[in-house]
Amino acid sequence: MPPQHQSAGPADEQLSIIDSLSSLHFPEVEGRPGRDGQWGGPGFHLAVLRESRDFWEDRSTDIVVAAEQELEADLAALAVILTKRWGAPEAVDLWPYLGLDDPAPDPDVTTREPLSFLCSVAGSMQTWRLPNSERWIGLAIGQADPEWQFQLLAAVGEASSLAR
(Lines give C-alpha, C1' and ligand atoms only; values in the text may rest on other atoms or scores of the structure.)
Protein backbone atom coordinates (compact mmCIF):
# COMPACT_ATOMS: atom_id res chain seq x y z
CA MET A 1 0.00 0.00 0.00
CA PRO A 2 1.38 3.47 -0.80
CA PRO A 3 2.36 5.75 2.05
CA GLN A 4 -0.49 7.74 3.55
CA HIS A 5 0.05 11.40 4.33
CA GLN A 6 -1.97 14.35 5.49
CA SER A 7 -4.02 15.74 2.61
CA ALA A 8 -4.22 19.45 2.03
CA GLY A 9 -7.49 20.85 3.32
CA PRO A 10 -9.62 23.55 1.79
CA ALA A 11 -9.03 25.11 -1.61
CA ASP A 12 -6.93 27.92 -0.06
CA GLU A 13 -4.42 25.40 1.26
CA GLN A 14 -4.40 23.49 -2.03
CA LEU A 15 -3.85 26.74 -3.97
CA SER A 16 -0.99 27.62 -1.65
CA ILE A 17 0.70 24.33 -2.56
CA ILE A 18 0.12 24.96 -6.29
CA ASP A 19 1.52 28.49 -6.01
CA SER A 20 4.55 27.23 -4.12
CA LEU A 21 5.29 24.49 -6.65
CA SER A 22 4.88 26.84 -9.60
CA SER A 23 7.66 29.10 -8.34
CA LEU A 24 10.08 26.54 -6.87
CA HIS A 25 13.28 25.70 -8.70
CA PHE A 26 13.29 22.19 -10.06
CA PRO A 27 15.58 19.81 -8.16
CA GLU A 28 18.67 18.54 -9.94
CA VAL A 29 18.03 14.99 -8.74
CA GLU A 30 14.70 13.17 -8.60
CA GLY A 31 13.42 12.74 -5.07
CA ARG A 32 10.95 10.38 -3.50
CA PRO A 33 7.52 11.39 -2.22
CA GLY A 34 7.81 13.00 1.21
CA ARG A 35 5.44 12.79 4.11
CA ASP A 36 3.80 15.94 2.75
CA GLY A 37 2.98 14.12 -0.51
CA GLN A 38 5.33 16.27 -2.60
CA TRP A 39 8.31 15.33 -4.73
CA GLY A 40 10.17 16.51 -7.76
CA GLY A 41 13.12 16.17 -10.01
CA PRO A 42 14.71 17.73 -13.07
CA GLY A 43 11.94 19.65 -14.83
CA PHE A 44 9.02 18.78 -12.56
CA HIS A 45 7.20 18.92 -9.25
CA LEU A 46 4.31 16.69 -8.13
CA ALA A 47 2.03 16.94 -5.12
CA VAL A 48 -0.88 15.01 -3.73
CA LEU A 49 -3.34 17.73 -2.79
CA ARG A 50 -5.92 15.40 -1.31
CA GLU A 51 -6.66 11.71 -1.21
CA SER A 52 -9.63 9.52 -0.48
CA ARG A 53 -9.67 6.54 1.79
CA ASP A 54 -8.31 3.29 0.40
CA PHE A 55 -10.56 0.47 -0.75
CA TRP A 56 -8.88 -2.62 0.71
CA GLU A 57 -11.80 -3.47 2.97
CA ASP A 58 -14.73 -2.28 0.86
CA ARG A 59 -14.78 -1.69 -2.90
CA SER A 60 -18.54 -1.33 -3.20
CA THR A 61 -19.58 0.89 -6.08
CA ASP A 62 -21.33 3.44 -3.86
CA ILE A 63 -18.22 4.02 -1.74
CA VAL A 64 -15.81 4.19 -4.68
CA VAL A 65 -18.01 6.52 -6.75
CA ALA A 66 -18.63 8.83 -3.78
CA ALA A 67 -14.89 9.07 -3.07
CA GLU A 68 -14.07 9.87 -6.68
CA GLN A 69 -16.88 12.43 -6.96
CA GLU A 70 -15.61 14.22 -3.85
CA LEU A 71 -12.18 14.68 -5.41
CA GLU A 72 -13.72 15.67 -8.75
CA ALA A 73 -15.59 18.44 -6.91
CA ASP A 74 -12.30 19.67 -5.41
CA LEU A 75 -10.65 19.59 -8.83
CA ALA A 76 -13.57 21.53 -10.34
CA ALA A 77 -13.36 24.19 -7.61
CA LEU A 78 -9.61 24.60 -8.14
CA ALA A 79 -10.12 24.71 -11.92
CA VAL A 80 -12.51 27.65 -11.58
CA ILE A 81 -9.92 29.62 -9.62
CA LEU A 82 -7.02 28.74 -11.92
CA THR A 83 -9.13 29.56 -14.99
CA LYS A 84 -9.82 33.03 -13.57
CA ARG A 85 -6.07 33.48 -13.15
CA TRP A 86 -4.71 31.98 -16.35
CA GLY A 87 -7.60 31.41 -18.75
CA ALA A 88 -9.26 28.23 -19.93
CA PRO A 89 -7.34 25.00 -19.34
CA GLU A 90 -6.26 22.59 -22.01
CA ALA A 91 -7.46 19.01 -21.60
CA VAL A 92 -4.51 16.67 -22.05
CA ASP A 93 -5.11 13.02 -22.86
CA LEU A 94 -2.34 11.12 -21.09
CA TRP A 95 -2.75 7.85 -23.01
CA PRO A 96 -0.42 8.85 -25.90
CA TYR A 97 2.41 9.48 -23.42
CA LEU A 98 2.45 5.76 -22.63
CA GLY A 99 3.76 5.20 -26.17
CA LEU A 100 1.53 2.17 -26.75
CA ASP A 101 0.04 3.53 -29.98
CA ASP A 102 3.40 4.03 -31.69
CA PRO A 103 3.72 1.37 -34.44
CA ALA A 104 7.52 1.44 -34.20
CA PRO A 105 8.41 2.61 -30.71
CA ASP A 106 11.89 4.01 -30.25
CA PRO A 107 13.38 2.30 -27.18
CA ASP A 108 15.60 5.34 -26.58
CA VAL A 109 12.63 7.72 -26.25
CA THR A 110 11.11 7.89 -22.80
CA THR A 111 8.27 9.97 -21.46
CA ARG A 112 9.54 12.72 -19.23
CA GLU A 113 8.31 13.37 -15.73
CA PRO A 114 5.85 14.36 -14.46
CA LEU A 115 3.98 12.85 -17.43
CA SER A 116 5.48 9.40 -16.93
CA PHE A 117 4.01 9.22 -13.43
CA LEU A 118 0.72 10.87 -14.36
CA CYS A 119 -0.02 8.58 -17.30
CA SER A 120 0.49 5.56 -15.04
CA VAL A 121 -2.27 6.69 -12.64
CA ALA A 122 -4.63 8.94 -14.63
CA GLY A 123 -6.20 9.10 -18.07
CA SER A 124 -6.26 12.86 -18.51
CA MET A 125 -5.46 16.16 -16.85
CA GLN A 126 -6.30 19.80 -17.16
CA THR A 127 -3.34 22.11 -17.79
CA TRP A 128 -2.73 25.83 -17.66
CA ARG A 129 0.31 27.51 -19.20
CA LEU A 130 1.89 29.89 -16.74
CA PRO A 131 2.25 33.38 -18.18
CA ASN A 132 5.81 34.62 -18.71
CA SER A 133 7.11 31.16 -17.94
CA GLU A 134 8.13 27.97 -19.67
CA ARG A 135 6.03 25.96 -17.22
CA TRP A 136 2.58 24.44 -17.04
CA ILE A 137 0.39 23.45 -14.09
CA GLY A 138 -1.73 20.32 -14.32
CA LEU A 139 -4.50 18.84 -12.18
CA ALA A 140 -5.58 15.22 -12.37
CA ILE A 141 -7.28 12.55 -10.33
CA GLY A 142 -5.29 9.36 -10.22
CA GLN A 143 -5.47 5.91 -8.73
CA ALA A 144 -2.53 3.53 -8.96
CA ASP A 145 -4.52 0.39 -8.16
CA PRO A 146 -8.23 -0.35 -7.55
CA GLU A 147 -7.63 -0.98 -3.84
CA TRP A 148 -5.63 2.22 -3.34
CA GLN A 149 -7.00 5.66 -2.67
CA PHE A 150 -7.90 8.22 -5.31
CA GLN A 151 -5.53 11.19 -5.33
CA LEU A 152 -6.05 14.76 -6.45
CA LEU A 153 -2.68 15.54 -8.02
CA ALA A 154 -1.02 18.80 -8.95
CA ALA A 155 1.90 18.76 -11.35
CA VAL A 156 4.26 21.44 -12.58
CA GLY A 157 6.37 20.72 -15.61
CA GLU A 158 8.49 22.32 -18.27
CA ALA A 159 6.48 23.32 -21.32
CA SER A 160 8.70 21.13 -23.49
CA SER A 161 7.61 18.00 -21.59
CA LEU A 162 4.13 18.24 -23.18
CA ALA A 163 5.57 18.05 -26.70
CA ARG A 164 4.85 14.75 -28.44
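**Exercise 1. Describe how helix 1 and helix 2 pack in this predicted model.**

Start with the handedness: helix 1 and helix 2 make a right-handed crossing. Next, get the geometry. Helix 1 covers residues 11–23 and helix 2 covers residues 61–86; their axes come within 11 Å and cross at roughly 55°. Now name the arrangement. Angles under 35 degrees would be roughly parallel, and 65 to 115 roughly perpendicular, so these two helices are oblique to each other.

Then see who's touching. Helix 1 brings Ala11, Gln14, Leu15, Ile18 and Asp19, while helix 2 offers Asp74, Leu78, Ile81, Leu82 and Arg85. Sort those by class and you get six nonpolar, one polar and three charged residues.

**Exercise 2. Find a salt bridge that ties helix 1 to helix 2.**

Keep the rule handy: a Lys or Arg side-chain nitrogen has to sit within 4 Å of an Asp or Glu carboxyl oxygen. Searching the whole structure turns up five salt bridges. One to pick out is aspartate 19 with arginine 85, whose closest N and O atoms are 2.5 Å apart. Finally, place the partners: aspartate 19 is in helix 1 and arginine 85 in helix 2, 66 residues apart, so the pair links distant parts of the chain.

**Exercise 3. Work out the surroundings of glutamate 113.**

First, locate glutamate 113: look in the loop between strand 3 (90–93) and helix 3 (115–121). Second, follow its side chain, which reaches the backbone nitrogen of phenylalanine 117 at 3.0 Å. Third, leave out residues up to four places away in sequence; glutamate 113 then touches Glu30, Gly43, Phe44 and Ser161. Last, check the C-alpha atoms of glutamate 113 and glycine 40: they're separated by 8.8 Å, with the two residues 73 apart along the chain.

Terms used. Residues numbered from 1 in each chain as written. Predicted model: local features only at pLDDT ≥ 70, side-chain atom pairs only at ≥ 80, totals over all residues. Heavy atoms only, no water. Axes fitted to C-alpha atoms, helices over the stretch in contact; angles between N-to-C directions. Helix = DSSP H or I, 4+ residues; strand = E, 2+ residues; numbered from the N terminus. Parallel < 35°, antiparallel > 145°, perpendicular 65-115°, else oblique. Left-handed = near helix turned anticlockwise from the far one by under 90°. Contact = heavy atoms within 4.5 Å. Nonpolar A, V, L, I, M, F, W, Y, C, P; charged D, E, K, R; others polar. Polar contact = N/O pair within 3.5 Å; in protein donor to acceptor, adjacent residues only side chain to side chain.
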